[in-house]
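The following account is intended to be read with the sequence and the coordinates side by side. It moves from one covered element to its surroundings, and then to individual residues and the chain as a whole.

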Amino acid sequence: MIRLPTPVAVTLVIASALGPFAIPTAQAEPAAKFLFSQKKTPTAGPTRSIGFYSNGCLGGGAQLPADGPHWQAMRLSRNRRFGNPVTIAVIERIAGDAAKTGVWPGLLVGDISQPRGGPMSSGHSSHQIGLDFDVWLRPMPTPRLTAAQRETYPFRSVLKKGTFSVDDRIWNDHYRDLIKITAEQPEVQRIFVHPGIKKKLCETAGRDRGWLAKVRPYYGHYEHFHVRLFCPPGSTTCKPQKAAGSGDGCSKLDWWFNVALQPSPPNAKPPKPKPPLTLAGMPAACRAVLAAPAAGGASGGAMTAAQTTPPPAGALVAKPSPRPRR
Ligand SMILES: [Zn+2]
């Protein structure tokens, strides 16, 4: 195996190339995503969701079992099925309620968080404190998927190809009811779906519309929906997000279709990518989470080449600007 240079080594090489006048700054630190993605196990000790959904970490995380009575966790090799125990309980409850009411045969659960949370080497800006999780917009099939099948089972969009509208050959009221069951869990703070899905929910919700307040339109999210939980009661380390508001949000969708989802003009400046998070820019307690011994005394795990190598530039899909608040 060819050993790839670690981010630290690369940083040192760059720093020395800059000569004696280079002043080390916080930016010289390795990106925190490399440090957190190398940890294979959670820390021992009490659970703490530390910081904000998009800048924080997780101590004492719990793991969602790969299979449950009414769910299967997907892409097991990613090792991202750790969360606050509250999150694990909510997933199990949604899966059970949806199955018992005949709404959904079983959940395909996507990413939750890494064993110690933190930023990931690919895929999400949130999911850092064990209180976010993704649910596929595909029912669990019969027979169940094997572990190997779960690595490659394709994502499937519920939108009609080339449009921002839900494909009625795929979509039915069961999809709506699964999202409704999810929104009605008291621990759920907000849910992100594609604006086309939100529109469909608005059109088909009927008179009972309170739950729609938690369902927010956002880019992407047409193959899965994203669920965010409130900070657990009594947590002193979790930084809450502003309330989702109380209106159903159905009269505010035009901007999404007319502006946000339209292609940028050809001369538009692409949005400047944010510099990656470093430990210096994260809650101080996350340094201790990273250094803490693993639960059960096992090692925190070694870094593999796949985890130390940043994704190729082409893998970073530019998103339209302006970026609204989630
Ligand atoms: Zn997500």
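**A helix, a central strand and their surroundings**

The buried residues of helix H5 are covered by elements that include helix H3 (85–100), S9, helix H6 (195–204), strand S10 (215–217) and S11. The model discussed here is predicted. Helix H5 spans residues 173–183, and its buried residues are Tyr-175, Arg-176, Leu-178, Ile-179, Lys-180, Thr-182 and Ala-183.

One of the elements covering H5, strand S11, deserves a closer look. S11 comprises residues 224–229, and six of its six residues are buried. The covering extends to both faces of the strand: His-224, His-226 and Arg-228 lie on one side, Phe-225, Val-227 and Leu-229 lie on the other, and all are buried.

Two strands pair with S11. Strand S8 (residues 132–136) runs antiparallel to S11, and the pairing is made over five bridges. Strand S9 (residues 188–193) is also antiparallel to S11 and is joined to it by four bridges. Arg-228 can be located in both pairings: Asp-132 stands opposite Arg-228, and Arg-190 has Arg-228 as its bridge partner in S11.

The loops that precede these strands contain backbone conformations that merit inspection. His-127 lies in the loop between strand S7 (107–109) and S8, and its phi is positive, near 60 degrees, although the residue is not glycine. Is His-127 buried or exposed? His-127 is buried, because 27 other C-beta atoms lie within 10 Å, and the threshold for this class is 20 or more. A second histidine, His-221, is found in the loop between S10 and S11. The phi of His-221 is about 55 degrees, again a positive value in a residue that is not a glycine. His-221 counts as buried because it has 21 C-beta neighbours inside 10 Å.

On the other side of S8 in sequence, the loop between S8 and helix H4 (147–152) holds Pro-143. The peptide bond that joins Thr-142 and Pro-143 is cis, with omega at about -5 degrees.

Leu-76 offers a case with another degree of burial. Leu-76 is placed in the loop between strand S5 (71–73) and strand S6 (82–83). Leu-76 is classed as partly exposed because 14 other C-beta atoms lie within 10 Å; this class falls between the limits of 12 or fewer for exposed and 20 or more for buried. Beyond its neighbours within four places in sequence, Leu-76 is in contact with Ala-66, Ala-147 and Arg-150. For Ala-66, which is 10 residues from Leu-76 along the chain, the C-alpha atoms of the two residues are separated by 7.4 Å.

The nonpolar interior can now be considered. In soluble globular proteins, nonpolar side chains tend to be buried together. The largest nonpolar core in this model has 56 residues, and those with the most contacts inside it are Cys-57, Ile-91, Leu-107, Val-109, Ile-179, Ile-191 and Phe-225. H3 provides the largest share of this core, seven residues. With neighbours within four places in sequence set aside, Ile-91 is in contact with Leu-64, Trp-71, Val-109 and Phe-133.

At the level of the whole protein chain, the secondary structure amounts to nine helices and 11 strands. Of the 326 residues in the chain, 35% are buried. Among contacts with a separation of 6 or more, 78% are between residues 24 or more positions apart.

How values were computed. Residues are numbered from 1 along each chain as its sequence is written. This is a predicted model: local features need pLDDT of at least 70, side-chain atom pairs count only at pLDDT 80 or more; totals for chains, interfaces and linings use all residues. Two strands pair if DSSP finds at least two bridges between them. Two residues are in contact if their C-beta atoms, placed from the backbone, lie within 7 Å. A nonpolar core is a set of buried Ala, Val, Leu, Ile, Met, Phe, Trp, Tyr and Cys residues joined through C-beta atoms within 7 Å.
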